[in-house]
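Trainee: Could we go through this model together, starting with its charged side chains and then moving on to its rings and its backbone? I would like to see how each conclusion is reached.

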Amino acid sequence: MNKKVLAGAIVAAIAGGAHAQSSVTLYGIISDGLTYVNNAGGHSLVKLDDGINQASRWGLRGVEDLGGGLKTIFTLENGFSLNTGTASHGGALFGRRAFVGLQSTTFGTLIAGYDYDFIYDYVSYYTNVSQFAPSYAFHGAYDIDRLAGEPVSNMVRYETPTWHGVTAGVMYGFSNIPGAFAGTPTGNPRVISAGVKFSPTGTFNAPYSGSLTYTKTQGGNAARGVGTMAQVALNAQSIYTIAAGGMYSLTDAWSINGVYTYTNASHSPRGVVTVSAYELGTSYRFGPALTVGGGFTYVDQHKLGKYDLYTAGVDYRLSKRTDVYMFGVLQHAFAGQKFADNFLVSTPYSVPGPGGSLFGNNASTTANQLAVQVGIRHLF
């Protein structure tokens, strides 16, 4: 009997291999560096801080060719702290991405599970952080426009095939709560996201490209790690962001990038809070190894004040998979906001700092905060 089972399994494997091909790829990023902050809660700070160039992660990506232009795809991606060995995203095993679906050259891609919205996948590439700056340069200590990346639970996502350089998509995240289709303050939120992008090559690697996205989240504002970081910081029952980004290559070595976001948070103790962010950067490649960049961001939080961000970075590639870097960001608060409070310098989901920040401790006790890091990154 066992021999028959074994023989049947072998025959099935051979037969399946004749019609379909499967592959699973292990990939990841490891990033670590030494950071100096001039004012964190009134004191200078030197610390080993990982994931500031890019968040450290490892993942499995799989595909099975079903024939006729149809494929089964899946991704399982874990985020972690290199310096502590702990999982990020609340300790979730696959806290960055976990989905399965079908991909067709004719009909597009349909997936279900846990994944990022279109702001992260379509617009974050155009930020100064993605091009040359540290993650400290994201907008606000509480990531007001979710450019830093916040995955959506219980989501179904569809993307069209690329047509003349244009790709579009929609996503819906279910609350999975009986009688609360739009989510609850302490339960899973409902998330709606959509986006469209253009590139003459169909990828970000093009002479020019751009995108426009929208994401709205309802519920989850009273539960840390459930709603968005901005929702928790503002205790807003509903929040939406419109984000646009683009890049243009002036030469093969010189490019400019830009991002605009508008965020509206409502049903909060502060009433309606609106925030607009304008970001511009440029980078230049001195050959295949050395890249330098600089940029500026203006964030208008209206009733919550304003701040400017000045960013700069230098990256040197030791190989195709390993690079070393130095970059920094200076934040200046004004117009009602008295204390600077950079993203990731402030500790997420901690008590408010001495600057009265909406999200996190380690705010500066002055209007300025400087963060500089020297580090290394390895891709596999």
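Trainee: How many salt bridges does the count come to?

Mentor: Since this is a predicted model, the count rests on computed positions. A pair is counted when a side-chain nitrogen of Lys or Arg is within 4 Å of a carboxyl oxygen of Asp or Glu. By this rule the number of salt bridges is 10.

Trainee: With which residue does Asp115 form a salt bridge?

Mentor: Asp115 belongs to strand 6, residues 108-115, while its partner lies in strand 5, so the bridge ties together parts that are 18 residues apart in sequence. Both members of the pair are buried. The closest N and O atoms are 2.4 Å apart, and the partner is Arg97.

Trainee: Which side chain of helix 2 is linked with Arg97 in strand 5?

Mentor: Helix 2 covers residues 118-123, and the pair links distant parts of the chain, 24 residues apart. The N to O distance in this salt bridge is 3.0 Å, and both Arg97 and its partner are buried. The side chain in helix 2 is Asp121.

Trainee: Which residues are linked with Arg97 in a network of salt bridges?

Mentor: Two of the links have just been described, as Arg97 forms a salt bridge with Asp115 and another with Asp121. The network also takes in an arginine and a glutamate. Linked with Arg97 are therefore Asp115, Asp121, Arg157 and Glu159.

Trainee: What is the N to O distance between the side chains of Arg377 and Asp315?

Mentor: Arg377 in strand 17 (residues 368-379) and Asp315 in strand 15 (residues 306-317) are 62 residues apart, and their pair links distant parts of the chain. Arg377 counts as buried because its relative accessibility is 13%, and Asp315 is likewise buried, with a relative accessible area of 14%. The two side chains meet in a salt bridge at 3.9 Å.

Trainee: Why does Asp300 have no salt bridge, and what is the nearest side chain of opposite charge?

Mentor: A salt bridge needs the nitrogen within 4 Å of the carboxyl oxygen, whereas the nearest side chain of opposite charge is 4.3 Å from Asp300, which is buried. That neighbour is among the residues Asp300 touches, together with Thr274, Val275, Ser276 and Gly305. The nearest side chain of opposite charge is Lys306.

Trainee: Which backbone nitrogen does the side chain of Asp300 reach?

Mentor: Asp300 lies in strand 14, residues 290-300, and the residue reached has its place in the loop between strand 14 and strand 15. The distance is 2.9 Å, and the backbone nitrogen is that of His302.

Trainee: What is the phi of His302?

Mentor: Most residues other than glycine have a negative phi. His302 has a positive phi although it is not a glycine, and with a relative accessible area of 39% this residue is partly exposed. The phi of His302 is about 55 degrees.

Trainee: Is His267 buried or exposed?

Mentor: His267 lies in strand 12, residues 254-268, and it too is a residue other than glycine with a positive phi, about 55 degrees. Exposed means over 50% relative accessible area. At 56% relative accessibility, His267 counts as exposed.

Trainee: Turning to the rings, is the pair of Trp58 and Phe94 stacked or edge-to-face?

Mentor: This is one of the 17 aromatic pairs in the structure. The ring centres are 6.0 Å apart and the planes stand at 65 degrees, and planes over 60 degrees apart count as edge-to-face. The pair of Trp58 and Phe94 is therefore edge-to-face.

Trainee: Which residue forms one aromatic cluster with Tyr125 and Tyr126?

Mentor: Tyr125 and Tyr126 themselves form an edge-to-face pair, 5.4 Å centre to centre with 80 degrees between the planes. Tyr125 is partly exposed at 28%, whereas Tyr126 counts as buried at 1% relative accessibility. The third residue has the charged end of Lys197 over its ring, 5.4 Å from the centre, and this residue of the cluster is Phe204.

Conventions:
Residues numbered from 1 in each chain as written. Predicted model: local features only at pLDDT ≥ 70, side-chain atom pairs only at ≥ 80, totals over all residues. Heavy atoms only, no water. Helix = DSSP H or I, 4+ residues; strand = E, 2+ residues; numbered from the N terminus. Buried < 20%, exposed > 50% of the residue type's maximum accessible area, 1.4 Å probe, protein only. Lys, Arg positive; Asp, Glu negative; His and termini not counted. Polar contact = N/O pair within 3.5 Å; in protein donor to acceptor, adjacent residues only side chain to side chain. Contact = heavy atoms within 4.5 Å. Phe/Tyr/Trp six-rings, centres within 6.5 Å; stacked < 30°, edge-to-face > 60°. Lys NZ or Arg CZ within 6 Å of the ring centre and 35° of its normal. Lists of a residue's contacts leave out its neighbours within four places in sequence.
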